Amino acid sequence: IMSTETFEFQVEARQLLQLMIHSVYSNKDVFLRELVSNASDALDKLRLAALRDDTLDADVSDLHIDIETDTEARTLTVRDNGIGMSYDEVGRLIGTIANSGTAKFVEELREAQDEAGAEGLIGQFGVGFYSGFMVADEMTLLTRRAGEGHGTRWSSRGEGTYTLERVDDAPQGTTVTLHLKPADSDDQLHDYTSEWTIREIVKRYSDFITWPIRMVPKAAASGADDTADGSDSPDEAAAAPEPETLNSMKALWARSREEVSDDEYHELYKHISHDWREPLETVRLQAEGTFEYQALLFVPSHAPHDLYNQGYQRGVQLYVKRVFIMDDCEALLPPYLRFVKGVVDAADLSLNVSREILQQDRHIRMMQRRLTKKVVSTVKDMMTAAPERYATFWREFGAVLKEGLLSDSDNRDALLAVSSFATTHSQEEPTTLKSYVERMKDGQEAVYYLTGESRQSIENSPHMEAFRAKGIEVLLLTDPVDEVWVDAVGEFEGKPLRSVAKGEVDLGGEGDEKADGEREKQDEEYAALLGWMKEHLDEDVKEVRLSSRLTVSPACIVSDAHDLTPALENMYRAMGQ
Ligand code: ADP
Ligand code: MG
């Protein structure tokens, strides 16, 4: 006997659902984009699974998405014949918030408190499947995993519980049925049982989906029903109404720039990235010749919260001649560009290509080099053509990009040119190294910097005193990676990068250093004190000496020029080294 079990939603999921049910989000149309996006992913997954495993008992002959509406019953159905889900998968994927981005969303939601804040957040995160509850008071999902015999029915009114039931007969793939909330009578535009509305929404949000999104036109559907009801001719009764494909299915990356609107690019970005915001920049590249490929890459406008986590999923998908091959293709871009999303479609790869093969493939390495240069030059263009966008870029991704200063010596100069740093020269505006060098004082030989946890803690450091007094600009570096790249890079345009906290800083030519004679006299005068201090601090310091680097503070601790900075020491200690 097949029994229906009732389950409670996970706490986070329940909160999210509450928000959806009482949604204040103005753009409810996007629920359809989310369902279509899931269906498209499911078709991609099935095609790939069938390609990898020829024993898989699945029908891949006519993969597509169907949309159906019923005005009387007030239902909207989105059906795919893709990979489907097993009973356990439905519980895991639909009953909980598995997506860490969504979990983060809910966390911020709790803090946002008011409706306006919540609306802004929906716009940022998107909520996938659950967004159906913006327009539905009940959702049902019937699914069968390709290759499995039994199916599963999931159903919920979005209010705390859902039911799961094993079913004998379910078609391969997933059917999601929404029972729509009562319509607002003057709101023709958002009547989701209207064929016209569905057409518009699919065209706007899902045109580029590479699978057919089909709908049987109402006229044809009812015409066919009449025939079936009123005729006893078996031929006519069997004539199924012809579904119409609503989307153009054109791969945007294969089309020329002029043919594609910014909005279309942005919708593709949202589909790939699961981000609901517009990207900051779109990068196109079409390579012809012996190894042909097309790339459409996006720089997001916000750093994902898990960018620094192990196992962060990168966002570049690999296609081979329009066939989706894999998500998260790490061979296509270096780790320091892991925030970039998009699609790369290569003409001459095997559909069975594996990650291991990609890592070693000479063509892929060439592709990576070319894509890297293209992204970096896009940032460079942004710097001059759109300084505000560049500022956003740098705020969100500067710390990641700087990892490249360490790991990618080929592009080091190009990366340095697009890097900017907080500086004592300006409270608000960061500076490039180039501008710093242009401002250097006569006789100043080095680019000075100090690393620390925050701008404020650096500015309060006694090491800064002499520099402040002499009006010498110092870069204020606060990202953990700064500790490391400055040593690796070493110099800029022949000027050494020098920490103001290390070694004897020679401000000789750069200010009014005391005459040698005078310093010797002072050394003699304070010899006893210095000796006494050295003796008492023997455990902790190597040397006690007079210094001209301080103007207000009586003393400060300095590292040897080649010592680790305190922050790095902490870092290594934390790593157990
Ligand atoms: P996301 O798409 O961002 O992962 P969703 O809430 O849209 O989040 O979907 C959650 C998960 O449920 C998907 O990752 C997928 O594994 C599964 N899923 C949703 N819809 C379908 C579908 N039509 N076919 C197969 N699996 C699906
Ligand atoms: Mg989704």
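**Helices and strands in a predicted model**

I'll start with a pair of helices. Helix 11 covers residues 362-385 and helix 12 covers residues 387-401; their axes come within 6 Å and cross at roughly 130°. Keep in mind that this is a predicted model.

What does that angle make of the pair? Angles over 145 degrees count as roughly antiparallel and those from 65 to 115 as roughly perpendicular. Helix 11 and helix 12 fit neither description, and are therefore oblique to each other. The crossing of helix 11 past helix 12 is left-handed.

Which residues make the contact? On helix 11 they are Val-379, Met-382 and Met-383. On helix 12 they are Pro-387, Arg-389, Tyr-390 and Phe-393. Sorted by type, the residues of this contact are 6 nonpolar and 1 charged, with no polar ones.

Helix 11 also has strands beside it in my list. It lies across strand 10 and strand 11, and runs at about 140° to strand 10.

That brings me to the sheet. This is an open sheet of 5 strands, and the pairing is mixed. Reading across, the order is 10-11-14-12-13. Which strands stand at the edges? They are strand 10, residues 281-287, and strand 13, residues 323-326. Each has a single partner strand, so one side of each is left without a neighbour in the sheet. From one strand to the next, the twist averages 20°.

Inside that order, look at strand 11 and strand 14. Strand 11 is residues 293-299, strand 14 is residues 341-346, and they pair in the antiparallel sense over 6 bridges. To find the register on screen, go to Gln-294, which stands opposite Asp-345 in strand 14.

Now to the hairpins, earlier in the numbering. Strand 4, residues 136-144, pairs with strand 5, residues 151-156, in the antiparallel sense over 5 bridges. Thr-143 stands opposite Thr-152 in strand 5. The two strands form a hairpin with 6 residues between them. In the turn, Gly-147 has a positive phi of about 95°.

Strand 5 has another antiparallel pairing, with strand 6, residues 161-167, over 6 bridges. Here Ser-155 stands opposite Thr-163 in strand 6. How many residues lie between strand 5 and strand 6 in their hairpin? There are 4, and Gly-158 in the turn has a positive phi of about 80°.

To go back over the hairpins: strand 5 forms one with strand 4, and one with strand 6. That is the end of my part.

Terms used
Residues numbered from 1 in each chain as written. Chains lettered and ligands numbered in written order. Predicted model: local features only at pLDDT ≥ 70, side-chain atom pairs only at ≥ 80, totals over all residues. Axes fitted to C-alpha atoms, helices over the stretch in contact; angles between N-to-C directions. Parallel < 35°, antiparallel > 145°, perpendicular 65-115°, else oblique. Left-handed = near helix turned anticlockwise from the far one by under 90°. Contact = placed C-beta atoms within 7 Å. Nonpolar A, V, L, I, M, F, W, Y, C, P; charged D, E, K, R; others polar. Pairing = 2+ DSSP bridges.
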